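Work through the exercises below with the sequence and the model side by side. Try each task before reading its solution.

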Amino acid sequence: MSDVALLGTGIMGAAMGRNLLKAGHRLTVWNRTRSRAEPLAADGAAVAATPAEAVADAEVVITMLSDGEAVLAAMAAAAPSLRPGQVWAQMSTVGVGPLDRLAGFAAEHGITFVDAPVQGTRQPAEQGALVVLAAGPQDARAALAPVFDAVGSKTLWLDEDGAGGAASRLKLAAVSYGISMTSIVAESLALARGLGLDPALFGEVVTGGPMDSPYLQAKLKSILSDDFTTSFAVRNAEKDTRLIHEAAASGNVRVDLNDAAGERFRRALAQGHGDEDMSATYHASFGS
């Protein structure tokens with residue numbers, strides 16, 4: 001088993017950390033807000049005070065942070081303890097723009113950069129059932145296989161060059177589906193309510209038919225029960241809509257559904273729903 005440093009213990013990072021420990025890896029964790037890392041100590045993790053302390057003995061470094069700037073800041077703070085031969089699995093959703101800087105930082109410090117965002121939200125993260133989308137050199141894959149197997153049900157290797165961004169580009173396409181699907185379900189339920197109907201009737205129409213899916217059922221349940229316990233937060237979904245738009249523009253692609261979803265998320269943010277699950281985009285259909 002590996003010595004792993006995990007930088008970032010939010011909803012996704014904490015779940016991934018617990019699965020790494022269950023698989024027998026030795027884990028050191030760091031989070032900017034230390035109190036969010038400390039619960040992992042009960043599962044057997046060492047809690048570091050700084051990124052440099054976290055990575056000092058690591059064979060594999062994982063970053064699971066909010067965006068590219070946060071990732072770069074954490075790795076810059078870790079730099080005094082980085083050493084040639086370490087493998088860095090960058091598993092956050094940062095989009096395409098920051099990859100040149102991240103890969104350049106890795107090359108400058110002699111560590112191997114692997115672009116490896118994950119597809120999935122809280123529940124698959126807790127179940128160790130994420131899909132790992134990965135791009136990186138062959139000689140890093142043996143070290144990463146048991147790490148990725150601990151947090152995911154499948155690893156899809158796409159390229160041998162992490163800097164090329166194949167994994168992050170595919171992640172944006174996949175998360176675009178989830179974001180748009182959530183917005184469609186929320187808007188359909190809101191429309192039913194606005195037209196004077198019980199929104200649950202929408203569920204009766206689609207359940208068991210060709211438009212049904214486990215994902216639809218999960219978001220349907222969330223909205224109908226007014227339970228917006230966070231699986232993937234509104235503020236993170238809104239951030240991803242901007243990353244998707246930027247990447248699409250670079251490929252001369254219009255992403256109208258994504259952009260409309262972004263507007264809904266921004267309204268939900270303004271209404272105070274930023275830390276709730278992205279199904280709270282339902283509220284964006286009402287009020288200003």
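**Exercises on surface and loops**

Gly-287 sits in the segment after α11 (256–270). Helices (H or I, at least four residues) and strands (E, at least two) are DSSP runs, numbered from the N terminus. The model is predicted, so local features need pLDDT of at least 70 and side-chain atom pairs count only at pLDDT 80 or more, while totals for chains, interfaces and linings use all residues. Residues are numbered from 1 along each chain as its sequence is written, and side-chain values use heavy atoms, with hydrogens and water left out.

**Exercise 1.** Decide whether Gly-287 is buried or exposed.

*Solution.* Step one: recall the classes. Buried means under 20% relative accessible area, exposed over 50%, partly exposed in between (1.4 Å probe, protein chains only). Step two: read the value. Gly-287 has 72% relative accessibility, so Gly-287 is exposed. Step three: look back along the chain. Gln-271 is 16 residues away in sequence, and the two C-alpha atoms are 9.0 Å apart.

**Exercise 2.** Find the side chain that Ser-168 contacts, and classify Ser-168 by accessibility.

*Solution.* Start with the place: Ser-168 belongs to helix α7. Next, the accessibility. Ser-168 is buried because its relative accessibility is 3%. Last, the partner. The Ser-168 side chain makes a polar contact of 2.7 Å with the side chain of Asp-115. A polar contact is a pair of N or O atoms within 3.5 Å; within protein, one must be able to donate a hydrogen and the other to accept it, and residues adjacent in sequence count only if both atoms are side-chain atoms.

**Exercise 3.** Locate Asp-226 and Asn-252, and state the sign of phi for each.

*Solution.* Take the general rule first. Most residues other than glycine have a negative phi. Now check Asp-226. Its place is the loop between α9 (214–224) and α10 (234–250). Asp-226 is not a glycine, yet its phi is positive, about 55 degrees. With 56% relative accessibility, Asp-226 is exposed. Then turn to Asn-252, in the loop between α10 and α11. Asn-252 also has a positive phi of about 55 degrees and is not a glycine. Its relative accessible area is 74%, so Asn-252 is exposed.

**Exercise 4.** Place Asp-159 and Leu-197, and give the accessibility class of each.

*Solution.* Asp-159 is part of strand β9 (residues 152–159). Its relative accessible area is 32%, so Asp-159 is partly exposed. Leu-197 lies in the loop between α7 (166–194) and α8 (200–206). Its relative accessible area is 46%, so Leu-197 is partly exposed.
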